[in-house]
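Ready to look around a protein model? Have the sequence and the 3D view open, and keep turning the view as you read.

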Amino acid sequence: MALLIFDCDGVLVDSEILHAQIEVDLGKELLGINRSLWQHHAIFSGTGMENVYNAWARECGKPLPPGLSDEMARRKNEAFEKMLKPIPHMADTLSELTDIPRCVASGTPLPTLEVELRSTGLFDFFAPNFFSSTSVARGKPAPDVFLYAAEKMGADPKD
């Protein structure tokens, strides 16, 4: 069986800069890490939050404060509900792709992924076929989440 696997951030939804801005703001506010939006985006674009958190812990030289990931998710979900937009023409494109199974495989945690897709009107194109790097041993940029999605969808990765 062939399968279309979509990443989410930067592919389905225009969220890359929103993600980066919230991360920059929280890193500065709670950890004193002073990095520009563009520096942060260049370093961490396409990687999961685990990489961001690990880099922050190394920079601070101490464990990150408890509740940091919850606060990050809260701020992102709030921003996404208000400001997130789909990639232009994505809904039209997905409406045309009716003959092939599809899913979303992302480095974004499932609750935030759901907020992103619901707030942009893309949720129903994929429900319930959502997969997150939080379900696999290695997050992006490793291919594990995409291989996991293929397995769960019953598709051979070579297809």
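What follows is a short tour of the sheet, the helices on it, a pocket and two residues.

## A small word of warning

This is a predicted model, so keep that in mind throughout.

## The sheet

Let's start with the strands. Strands of a sheet pair through backbone hydrogen bonds, and the pairing can be parallel or antiparallel. Here you'll find an open sheet of 3 strands, in the order 1-2-3, with parallel pairing. Strand 1 (4-6) and strand 3 (130-132) are the edge strands, each with pairing on one side only. From one strand to the next, the twist averages 25°.

Now zoom in on the pairings. Strand 1 and strand 2 run parallel and share 3 bridges. One spot to look for is Leu-4, whose bridge partner in strand 2 is Arg-102. On the other side, strand 2 (residues 102-106) is joined to strand 3 by 3 bridges, again in parallel. There, Val-104 sits opposite Phe-130 of strand 3, and Ala-105 sits opposite Phe-131 of strand 3.

## Helices on the sheet

Which strands does helix 6 touch? Helix 6 packs on the sheet against strand 2 and strand 3, and its direction makes about 135° with that of strand 3. Helix 7 (residues 144-153) packs on the sheet too, touching strand 1, strand 2 and strand 3. The direction of helix 7 makes about 150° with that of strand 2.

How many residues of strand 2 are buried? The count is 5 of its 5 residues, so strand 2 is mostly covered. Both of its faces are covered: Arg-102, Val-104 and Ser-106 are buried on one side, and Cys-103 and Ala-105 are buried on the other.

## The largest pocket

Time to look for empty space. Rolling a probe the size of a water molecule over the atoms shows where such space is left. The largest pocket in this model has a volume of about 690 Å³. Its lining is made up of 36 residues, and those nearest its centre are Thr-47, Gly-48, Met-49, Gly-107 and Thr-108.

What kinds of residues make up the lining? There are 11 nonpolar, 16 polar and 9 charged ones. Several helices chip in with at least two lining residues each: helix 1 (16-31), helix 2 (37-44), helix 3 (49-60), helix 4 (68-83) and helix 6 (110-119).

## Two residues to compare

Find Asp-7 in the loop between strand 1 and helix 1. Is Asp-7 buried or exposed? Its relative accessibility is 16%, and because the cut-off for buried is under 20%, Asp-7 counts as buried. Leaving aside neighbours within four places in sequence, Asp-7 is in contact with Leu-12, Val-104, Ala-105, Ser-106 and Lys-140. You've met Val-104, Ala-105 and Ser-106 already, as buried residues of strand 2.

Next, head to Cys-60, which lies in helix 3. Cys-60 has 24% relative accessibility, so it counts as partly exposed. With neighbours within four places in sequence left out, Cys-60 is in contact with Leu-31 and Ile-33. Try finding Ala-79 as well: Cys-60 and Ala-79 are 19 residues apart in sequence, and their C-alpha atoms are 26 Å apart in space.

Key: Residues numbered from 1 in each chain as written. Predicted model: local features only at pLDDT ≥ 70, side-chain atom pairs only at ≥ 80, totals over all residues. Heavy atoms only, no water. 1 Å grid on protein atoms, 1.4 Å probe; cavity = no way out; pocket = protein on both sides within 12 Å on 5 of 7 lines; lining within 4 Å. Points joined across faces, edges and corners; volume = space filled by probe spheres on them. Helix = DSSP H or I, 4+ residues; strand = E, 2+ residues; numbered from the N terminus. Nonpolar A, V, L, I, M, F, W, Y, C, P; charged D, E, K, R; others polar. Pairing = 2+ DSSP bridges. Axes fitted to C-alpha atoms, helices over the stretch in contact; angles between N-to-C directions. Contact = heavy atoms within 4.5 Å. Buried < 20%, exposed > 50% of the residue type's maximum accessible area, 1.4 Å probe, protein only.
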